[in-house]
Amino acid sequence: MKSVVIGGDIYAFRYAFQHDLPLIYVEAKKPHRHSGSQQAEWHHLYWCLSIAGKVKFASFVSSVVVNSEEGSAKIIYNNRSKIIQGIEKFYIFDETGISG
């Protein structure tokens, strides 16, 4: 994984979809139910990214520790952790649950 998008809002979803990148998020930030088309777009993008295998760890992530110098991310999910290495670019759209 050379690049990764981090965030659960519609902007992160759009970027991940448009650039065919994996997505990791701690908190899903769905548009308000009265936003109409944005909420439908969010759900559509989530579905498309999920079907393509781009939503990593789904909604089970509780925190992410980013180490940009080493090009790694430690993902904490379901009381487990996984370190992903070899990441050249982090596109961070939402800092909820993100440290490093």
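Tutor: In this predicted model, a polar contact is a pair of N or O atoms within 3.5 Å.

Student: With which side chain does the side chain of tyrosine 25 make a polar contact?

Tutor: The place of tyrosine 25 is the loop between E2 and H2. Among the residues it touches, beyond four places away in sequence, are Gly7, Val55 and Tyr46. At 3.2 Å, the polar contact of its side chain is with the side chain of tyrosine 46.

Student: Is tyrosine 25 buried or exposed?

Tutor: Residues under 20% relative accessible area count as buried. Tyrosine 25 has a relative accessible area of 4%, so the term that applies is buried.

Student: How many aromatic pairs are there, and are the rings of phenylalanine 13 and tyrosine 25 stacked, edge-to-face or tilted?

Tutor: Ring centres must lie within 6.5 Å to pair, and the count comes to 8 aromatic pairs. The centres of the phenylalanine 13 and tyrosine 25 rings are 6.2 Å apart. Planes between the limits of 30 and 60 degrees count as tilted; these stand at 50 degrees, so the pair is tilted.

Student: How many residues apart in sequence are the parts that this pair ties together?

Tutor: Phenylalanine 13 belongs to helix H1 (residues 10-19), whereas tyrosine 25 sits in the loop between strand E2 (23-24) and helix H2 (37-51). The pair therefore ties together parts whose separation in sequence is 12 residues.

Student: Which residues form one aromatic cluster with Phe13?

Tutor: Phenylalanine 13 itself counts as buried, at 0% relative accessibility. The cluster joins Phe13 with Tyr25, Trp42 and Tyr46.

How values were computed: Residues numbered from 1 in each chain as written. Predicted model: local features only at pLDDT ≥ 70, side-chain atom pairs only at ≥ 80, totals over all residues. Heavy atoms only, no water. Phe/Tyr/Trp six-rings, centres within 6.5 Å; stacked < 30°, edge-to-face > 60°. Helix = DSSP H or I, 4+ residues; strand = E, 2+ residues; numbered from the N terminus. Buried < 20%, exposed > 50% of the residue type's maximum accessible area, 1.4 Å probe, protein only. Contact = heavy atoms within 4.5 Å. Polar contact = N/O pair within 3.5 Å; in protein donor to acceptor, adjacent residues only side chain to side chain.
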